[in-house]
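Okay, everyone, thanks for coming. I'd like to walk you through one model today, so have a look at the screen while I talk.

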Amino acid sequence: MKWAMFGVFIAAVLLSVYLLLFELPEKESSEETPEETVVLPDTPVDAGAAETLYAQSCIGCHGDQMQGGMGPALSAVGSSMTREEIYTKIMEGGGGMPSFETQLSEDEIINVSGWLADMK
């Protein structure tokens, strides 16, 4: 009887090891969702419109000289973020920043993203 219980125990351990090694990694990889890559049109930046939009929508958190405040400084944001990353942050928000997807048009967000990406 002891040998039968020992055999069942060994079978359970081997099954557990098999499931951990071969089944769970497959399940984890299926749960990962690939990030969508944003492709923005190559349009010229209208700096005047971007500055106006910044003054209307961004200055309260990022400061009148882009020095930061409640939000981070943006005076050199183009050194650490691409135009597409800036666009995504403005559209989706995150990390304390609200989404501006419903407050601004896509063209406005594309323009201000390009303007901010030039800040290096």
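**Binding-site residues and the pocket around them**

Let me start in a loop: M97 sits between α4, residues 83-92, and α5, residues 106-117. Keep in mind that this is a predicted model. By accessibility M97 is partly exposed, because its relative value comes out at 24% and the buried class stops under 20%. Leaving out residues up to four places away in sequence, M97 touches K89 and I90.

Why begin there? M97 is on a list: an unreviewed UniProt entry gives C58, C61, H62 and M97 under "binding site". Those residues are spread over 40 residues of sequence, yet they cluster in space, with a largest C-alpha distance of 10.5 Å. And C58, C61, H62 and M97 are included in the lining of the largest pocket.

So, on to that pocket. The volume of the largest pocket is about 430 Å³. Its lining has 22 residues, and the ones nearest the centre are H62, P72, L74, K89 and M97. If you're colouring by element, α3, α4 and α5 are the ones that give two or more residues to that lining. Which helix gives the largest share of the lining? That's α4, with three residues. For the chemistry of the lining, we have 15 nonpolar residues, six polar and one charged.

Next, H62. You'll find H62 in helix α3, which covers residues 59-62. Is H62 buried or exposed? Buried, because its relative accessible area is 10% and the cut-off is under 20%. Not counting residues up to four places away in sequence, H62 touches Y54, Q67, G68, G71, P72 and L74. Two of those contacts, P72 and L74, are also among the residues nearest the pocket centre.

Now the two cysteines on the UniProt list, C58 and C61. How many disulfides does the structure hold? Zero. Why is C58 not bonded to C61? The closest cysteine sulfur to that of C58 is the one in C61, and at 8.6 Å it is too far for a bond; a pair has to be within 2.5 Å to count. Seen from the other side, C61 is in no disulfide either, with the sulfur of C58 as its nearest cysteine sulfur. On accessibility, C58 counts as buried at 18%, while C61 is partly exposed at 30%.

A quick backbone note before I finish. Most residues other than glycine have a negative phi. M66 is not a glycine, and its phi is positive, about 60°. M66 is found in the loop between α3 and α4. With a relative accessible area of 9%, M66 is buried.

Last stop, helix α5, where we find N111. N111 counts as buried because its relative accessibility is 14%, under the 20% cut-off. Setting aside neighbours within four places in sequence, N111 is in contact with P44, V45, D46, A49 and A50.

If you take one view away, make it the pocket: C58, C61, H62 and M97 are in its lining, and H62 and M97 are among the residues nearest its centre.

Notes
Residues numbered from 1 in each chain as written. Predicted model: local features only at pLDDT ≥ 70, side-chain atom pairs only at ≥ 80, totals over all residues. Heavy atoms only, no water. UniProt positions renumbered as here; feature names shortened; annotations may be inferred. 1 Å grid on protein atoms, 1.4 Å probe; cavity = no way out; pocket = protein on both sides within 12 Å on 5 of 7 lines; lining within 4 Å. Helix = DSSP H or I, 4+ residues; strand = E, 2+ residues; numbered from the N terminus. Buried < 20%, exposed > 50% of the residue type's maximum accessible area, 1.4 Å probe, protein only. Contact = heavy atoms within 4.5 Å. Points joined across faces, edges and corners; volume = space filled by probe spheres on them. Nonpolar A, V, L, I, M, F, W, Y, C, P; charged D, E, K, R; others polar.
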